[in-house]
Amino acid sequence: MSEAVLNNIKTRRVVREMTDEPVERAQIEAILEAARWAPSGGNLRPNRYIVIEDAETRRLIRLVSPGMFQEAPVLILICTNWEIAAEHKLPPTDRALLIDVGTAAQTMMLAAHALGLASGPVTSYSKEAVKLILNLPESYSPEMFICIGHRAETTQAGMRAWKKITWRDLTHWERFK
């Protein structure tokens, strides 16, 4: 693994305070291109993305999203397209579908960080309200927002672990000891 890749992973943080500076379209497209390469169970690619830049639409979404502290200039909503799951006879409880959302989210946030942008995930919102605001098809389920923007100068340091944790603290070899 290159030092640049490892450094990108180690320095990425969830950012809750962003400026209203616009994000360039090319940067958004680069983030979406990265998401396209995220792992997907069975390579089914059930994720669909809705990019929201309109200020009024973002305001409405924030009204139904108690977990959205950011006032980001760009929101990317990761949706599961249940038509794809049904085509492949995947039950709604198939964990691969949620794993696909997580891998896409992490890939987008790492891509944003590599581009010098701030990001943060949001999962606390009214799914039904979001579906109405965005006029989502019945088969689309809103799973997670990724807020994208420029880090505010006033951004406080993120949460720190109460003690330094290494990979060794989190890992067992062969079996739990």
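## A four-stranded sheet and its surroundings

In this structure, β3 and β4 pair in the antiparallel sense, and five bridges hold the two strands side by side. The model is a predicted one, and the description below starts from this strand pair and moves outward to the rest of the sheet, the helices on it, the nonpolar cores and a few single residues.

### The sheet

Within the pairing of β3 and β4, Ser119 stands opposite Ile148 of β4, and Ala118 stands opposite Gly149, likewise a residue of β4. These two strands belong to an open sheet of four strands, whose order is β1-β2-β4-β3 and whose pairing is antiparallel. The edges of the sheet are taken by β1 (47-52) and β3 (118-122), each of which has a single partner strand, so one side of each is left without a neighbour in the sheet. On average, and with direction ignored, neighbouring strands are turned by 25° against each other.

Between β2 and β4, which run antiparallel, there are eight bridges, while β1 and β2 pair in the antiparallel sense over six bridges. The table gathers examples of residues that stand opposite each other in these pairings.

| Residue | Opposite residue | Strand of the opposite residue |
|---|---|---|
| Ser119 | Ile148 | β4 |
| Ala118 | Gly149 | β4 |
| Leu75 | Cys147 | β4 |
| Ile78 | Met144 | β4 |
| Arg48 | Cys79 | β2 |

How many of the residues of β4 are buried? Ten of the ten are, so β4 is largely enclosed by the rest of the structure. The strand β2 is also mostly covered, since eight of its eight residues are buried. In a regular strand the side chains alternate between the two faces of the sheet. For β2, Val74, Ile76, Ile78 and Thr80 lie on one side and Leu75, Leu77, Cys79 and Asn81 on the other, and as all of them are buried, both faces of this strand are covered.

### Helices on the sheet

The helix α2 packs on the sheet, where it touches β1, β2 and β4, and its direction makes about 170° with that of β1. The helix α5 lies across β1, β2, β3 and β4, and it runs at about 15° to β4.

### Nonpolar cores

The largest nonpolar core has 20 residues, and those that touch the most other members are Ile31, Ile78, Met108, Ile146 and Ile148. At least two residues of this core are supplied by each of α2 (25-36), β2 (74-81), α5 (95-114) and β4 (140-149), and the greatest contribution, seven residues, comes from α5. When residues up to four places away in sequence are not counted, Ile31 touches Ile76, Met108, Ala111, Ala112, Leu115, Leu117 and Ile148. Another core, of 18 residues, lies apart from the largest one, and its members include Met18, Met68, Leu134 and Phe145.

### Aromatic pairs

A search of the whole structure finds two aromatic pairs. One of them is formed by Tyr125 and Phe145, in an edge-to-face arrangement with 5.0 Å from centre to centre and 75° between the planes. Where do these two residues lie? Tyr125 is in the loop between β3 and α6 (127-134), whereas Phe145 is in strand β4, so the pair ties together parts that are 20 residues apart in sequence. Tyr125 counts as buried, with a relative accessibility of 11%, and Phe145 is buried as well, its relative accessible area being 0%.

Trp167 and Trp173 also form a pair, with ring centres 6.5 Å apart and planes at 85°, so this pair is edge-to-face. Here Trp167 counts as partly exposed, at 46% relative accessibility, and Trp173 is exposed, with a relative accessible area of 57%.

### A residue in the loop before β1

The loop between α2 and β1 contains Ser40. Is Ser40 buried or exposed? With a relative accessible area of 15%, Ser40 is buried, because buried means under 20% relative accessible area. If its neighbours within four places in sequence are left aside, Ser40 is in contact with Arg45, Pro46 and Asp100. Towards Arg45, the side chain of Ser40 reaches the backbone nitrogen at 3.0 Å. The C-alpha atom of Ser40 is separated by 25 Å from that of Ala4, a residue 36 residues apart from Ser40 along the chain.

Terms used: Residues numbered from 1 in each chain as written. Predicted model: local features only at pLDDT ≥ 70, side-chain atom pairs only at ≥ 80, totals over all residues. Heavy atoms only, no water. Core = buried A, V, L, I, M, F, W, Y, C linked by side-chain atoms within 4.5 Å. Buried < 20%, exposed > 50% of the residue type's maximum accessible area, 1.4 Å probe, protein only. Contact = heavy atoms within 4.5 Å. Pairing = 2+ DSSP bridges. Axes fitted to C-alpha atoms, helices over the stretch in contact; angles between N-to-C directions. Phe/Tyr/Trp six-rings, centres within 6.5 Å; stacked < 30°, edge-to-face > 60°. Polar contact = N/O pair within 3.5 Å; in protein donor to acceptor, adjacent residues only side chain to side chain.
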